[in-house]
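Student: I would like to go through this structure with you and ask how each label is earned. Could you set the values against the definitions for me?

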Amino acid sequence: MKKTTPEVLIKDFIKHKLKLALAESCTCGLAAAQLAPAEGVSEVLLGSVVTYHTDAKQQLLGVKKATLTTYSAESQQTTNEMALGLHRNLPDADVCVAVTGLCGPGQSETPDKPVGTVFVTILFKGHAHEYREQFDGNSDAIRQQATEFIYRKLAELLDREQVAPAT
């Protein structure tokens with residue numbers, strides 16, 4: 001598995017003149033924080049919102065209460081609504097990323113959704129790319145793995161889509 005560094009990712013975004021926005025739950029802002037030292041980040045990162053609590057997901061991103069009740073805060077349905085809400089609030093973002101998951105034991109944990117289950121939605125070019133991953137380790141390790149996964153998937157999408165640089 002190739003690791004994508006924040007510096008390489010930011011350079012890719014700059015090359016293609018793309019803007020990024022993040023909605024982070026289980027990563028608690030780690031994805032944005034690790035991008036911050038990269039040269040040129042201010043040209044790329046529009047913002048990041050940490051919506052750890054369900055109230056924040058609802059009030060800041062418009063996640064429906066019914067979605068949270070039916071599927072839980074740690075679900076693909078929730079990350080989809082987080083990404084859409086982020087795009088509504090930051091329409092200049094070319095890429096919107098939402099992440100949520102279980103980094104420790106809690107009420108959403110089930111045999112089908114154990115600790116380490118992370119959901120990511122990347123909204124890019126009008127398409128939602130959905131991912132469900134299972135990571136191992138303590139909560140810090142899971143957050144780090146989730147962050148690295150997001151960077152890798154962003155790099156893959158940019159490569160696969162062969163985004164032409166703006167003129």
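Student: How much space lies in the largest pocket?

Tutor: Bear in mind that this is a predicted model. About 450 Å³ of space lies in its largest pocket. Of the 20 lining residues, Tyr52, Ala73, Glu74, Gln107 and Ser108 are the closest to the centre.

Student: What makes a residue part of the lining, and which helix and strand each supply at least two residues of it?

Tutor: A lining residue has an atom within 4 Å of a pocket point. Helix H4 (54-61) and strand S3 (95-101) each supply at least two such residues.

Student: How do the residues of that lining divide into nonpolar, polar and charged?

Tutor: Seven are nonpolar, ten are polar and three are charged. Glu counts as charged, so Glu74, one of the residues closest to the pocket centre, goes into the charged group.

Student: Let's move to the strands. Why is strand S1 called mostly covered?

Tutor: Buried means under 20% relative accessible area, and five of the five residues in S1 (residues 20-24) are buried. Leu20, Leu22 and Glu24 point one way from the strand, while Ala21 and Ala23 point the other way, and all are buried.

Student: How do you know that S1 pairs with strand S2 and with S3?

Tutor: Pairing needs at least two bridges between the strands. Five bridges join S1 to S2 (residues 45-50), and the two run parallel. S1 and S3 also pair in the parallel sense, over five bridges. Both pairings therefore satisfy the cut-off. As examples, Ala21 has Gly47 as its bridge partner in S2, and Glu24 has Val99 in S3.

Student: Now the aromatic rings. What makes Tyr131 and Phe149 an edge-to-face pair?

Tutor: The structure holds two aromatic pairs, and this is one of them. Rings pair if their centres lie within 6.5 Å, and planes over 60 degrees apart count as edge-to-face. Here the centres are 5.5 Å apart and the planes make an angle of 80°, so both conditions are met. The pair links distant parts of the chain, with Tyr131 in strand S5 (residues 127-134) and Phe149 in helix H7 (residues 139-161), 18 residues apart. Both Tyr131 and Phe149 are buried.

Student: Why is the pair of Phe135 and Phe149 called edge-to-face as well?

Tutor: Its centres are 6.1 Å apart and its planes 65° apart, so this pair also passes the limits of 6.5 Å and 60 degrees. Phe135 lies in the loop between S5 and H7 and Phe149 in helix H7, so the pair ties together parts 14 residues apart in sequence. Phe135 is buried, as is Phe149. Tyr131, Phe135 and Phe149 form one aromatic cluster.

Student: Which residues have the most contacts inside the largest nonpolar core, and which helix gives the most to it?

Tutor: The core has 32 residues, and those with the most contacts inside it are Phe13, Leu20, Val97, Val120, Ile122 and Leu154. Among the elements that each supply at least two core residues are helix H1 (6-15), S1, S3 and strand S4 (117-124). H7 gives the most, with nine residues.

Student: How do you know that Ile122 is buried?

Tutor: Its relative accessible area is 0%, and buried means under 20%, so Ile122 is buried. Ile122 is found in strand S4. In sequence, Ile122 and Leu154 are 32 residues apart, while in space they are 7.9 Å apart, C-alpha to C-alpha.

Methods. Residues are numbered from 1 along each chain as its sequence is written. This is a predicted model: local features need pLDDT of at least 70, side-chain atom pairs count only at pLDDT 80 or more; totals for chains, interfaces and linings use all residues. Side-chain values use heavy atoms; hydrogens and water are left out. On a 1 Å grid over the protein atoms alone, a cavity is a set of points where a 1.4 Å probe fits but cannot get out, and a pocket is an open set with protein on both sides within 12 Å along at least five of seven lines; lining residues have an atom within 4 Å of a point. Grid points are joined across faces, edges and corners, and a volume is the space filled by probe spheres set on the points. Helices (H or I, at least four residues) and strands (E, at least two) are DSSP runs, numbered from the N terminus. Buried means under 20% relative accessible area, exposed over 50%, partly exposed in between (1.4 Å probe, protein chains only). Rings of Phe, Tyr and Trp (its six-membered ring) pair if their centres lie within 6.5 Å; planes under 30 degrees apart count as stacked, over 60 as edge-to-face and the rest as tilted. A nonpolar core is a set of buried Ala, Val, Leu, Ile, Met, Phe, Trp, Tyr and Cys residues joined through side-chain atoms within 4.5 Å.
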